[in-house]
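Here's a quick walk through one protein model, written for someone who'd rather be at the bench. Have the sequence and the 3D view open while you read.

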Amino acid sequence: LIFVNRAPIIFYSKKQNSVETSTFGSEFTACKQAVELVKALKYKLRMFGVPIEGPTNMYCDNEAVYKNVAVPSSVLNKKMHSISYHFCREAIADGTCRIAKEDTLTNLADLLTKILSRGKRDDLLDRFMY
């Protein structure tokens with residue numbers, strides 16, 4: 001879920017091409033795809049003449065992925081995880097993105113990907129709908 005000036009403009013949900021044996025692997029792949037989307041959107045906005053200042057805030061609800069991306073001394077065993085790790089770490093190191101942990105109770109992406117109770121759905125909708 002990508003916002004520009006507090007308005008949601010892109011929602012991306014896709015069945016992944018690879019099969020992962022863990023949630024960690026699929027979340028890491030999703031993080032890499034999010035960084036790719038952010039880089040592409042920043043490039044497109046620059047081509048339109050929109051000035052882009054500062055890093056993009058990214059929120060991850062998986063604590064293991066957040067810690068591995070935020071801490072540069074992580075060790076990964078699988079090649080695919082390693083590729084995603086280095087791609088995300090590069091984006092954080094060059095100031096393109098900044099990553100933070102998002103609590104499951106306040107994750108806006110759950111609104112579009114999970115079946116929620118009415119109360120939780122209304123609470124999440126109130127966070128960005130006017």
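What follows covers the main pocket, two helices and three single residues.

## Before you start

Keep in mind that this is a predicted model. Residue numbers run from 1 along each chain as its sequence is written.

## The largest pocket

Let's begin with the open space. The largest pocket holds about 1700 Å³. Its lining is made up of 46 residues, and those nearest the centre are Leu1, Ile2, Ala34, Tyr59 and Ala109. If you sort the lining by residue type, you get 25 nonpolar, 11 polar and 10 charged residues.

Which elements supply at least two residues each to that lining? They are β1 (2-4), α1 (23-47), β3 (56-60), α4 (110-113) and α5 (118-128). The top contributor is α1, which puts 11 residues into the lining of the pocket.

## Helix α1

That makes α1 a natural next stop. This helix has 25 residues and spans 36 Å from its first C-alpha to its last, close to the 36 Å expected at 1.5 Å a residue. Right after α1 comes glycine 49, with a positive phi of about 90 degrees.

The buried residues of α1 are a mixed bunch: Phe24, Gly25, Phe28, Thr29, Cys31, Lys32, Val35, Val38, Leu41, Lys42 and Leu45. Two lysines, Lys32 and Lys42, are on that buried list. As for what covers these residues, the cover includes β1, β2 (7-10), β3, α2, α3 and β4.

## Helix α3

Now for α3, which takes in residues 79-93. It has 15 residues and reaches 21 Å from first C-alpha to last, close to the 21 Å expected at 1.5 Å a residue. Glycine 95 follows α3, and its phi is positive too, near 85 degrees.

Where do the buried residues of α3 sit around the helix axis? Those residues are His81, Ser84, Tyr85, Cys88, Arg89 and Ala91. Looking down the axis, they fall within an arc of 155 degrees, so they line one face of the helix. Turned away from that buried side is a face carrying the exposed residues Lys79 and Ala93. Covering the buried residues are, among others, α1, α2 (63-70) and β4 (97-101).

## Two strand residues

Isoleucine 10 belongs to strand β2. Is it buried or partly exposed? Its relative accessibility is 27%, so isoleucine 10 counts as partly exposed. Setting aside residues up to four places away in sequence, isoleucine 10 touches Leu1, Ile2 and Leu41. From isoleucine 10 to leucine 41 is 31 residues in sequence, and 9.7 Å in space from C-alpha to C-alpha. Leu41 is also one of the buried residues of α1, while Leu1 and Ile2 are among the residues nearest the centre of the largest pocket.

Over in strand β4 you'll find arginine 98. With a relative accessible area of 46%, arginine 98 is partly exposed. Beyond its neighbours within four places in sequence, arginine 98 is in contact with Pro55, Thr56, Asn57 and Met58. Its C-alpha is 8.5 Å from that of tyrosine 59, although 39 residues separate arginine 98 and tyrosine 59 in sequence.

## A loop residue

Last up is asparagine 62, in the loop between β3 and α2. This one is buried, with a relative accessible area of 14%; the cut-off for buried is under 20%. What does asparagine 62 touch, not counting residues up to four places away in sequence? It touches Thr23, Phe24, Glu27 and Lys101. Of those, Phe24 is itself one of the buried residues of α1.

For a sense of scale, compare asparagine 62 with histidine 81. They are 19 residues apart in sequence and 15 Å apart in space, C-alpha to C-alpha. Histidine 81 is among the buried residues of α3.

Notes: This is a predicted model: local features need pLDDT of at least 70, side-chain atom pairs count only at pLDDT 80 or more; totals for chains, interfaces and linings use all residues. Side-chain values use heavy atoms; hydrogens and water are left out. On a 1 Å grid over the protein atoms alone, a cavity is a set of points where a 1.4 Å probe fits but cannot get out, and a pocket is an open set with protein on both sides within 12 Å along at least five of seven lines; lining residues have an atom within 4 Å of a point. Grid points are joined across faces, edges and corners, and a volume is the space filled by probe spheres set on the points. Helices (H or I, at least four residues) and strands (E, at least two) are DSSP runs, numbered from the N terminus. Ala, Val, Leu, Ile, Met, Phe, Trp, Tyr, Cys and Pro count as nonpolar, Asp, Glu, Lys and Arg as charged, and the others, Gly among them, as polar. The expected span of a helix is 1.5 Å times one less than its number of residues. Buried means under 20% relative accessible area, exposed over 50%, partly exposed in between (1.4 Å probe, protein chains only). The arc is that of the directions from the helix axis to the C-beta atoms. Contact means heavy atoms within 4.5 Å.
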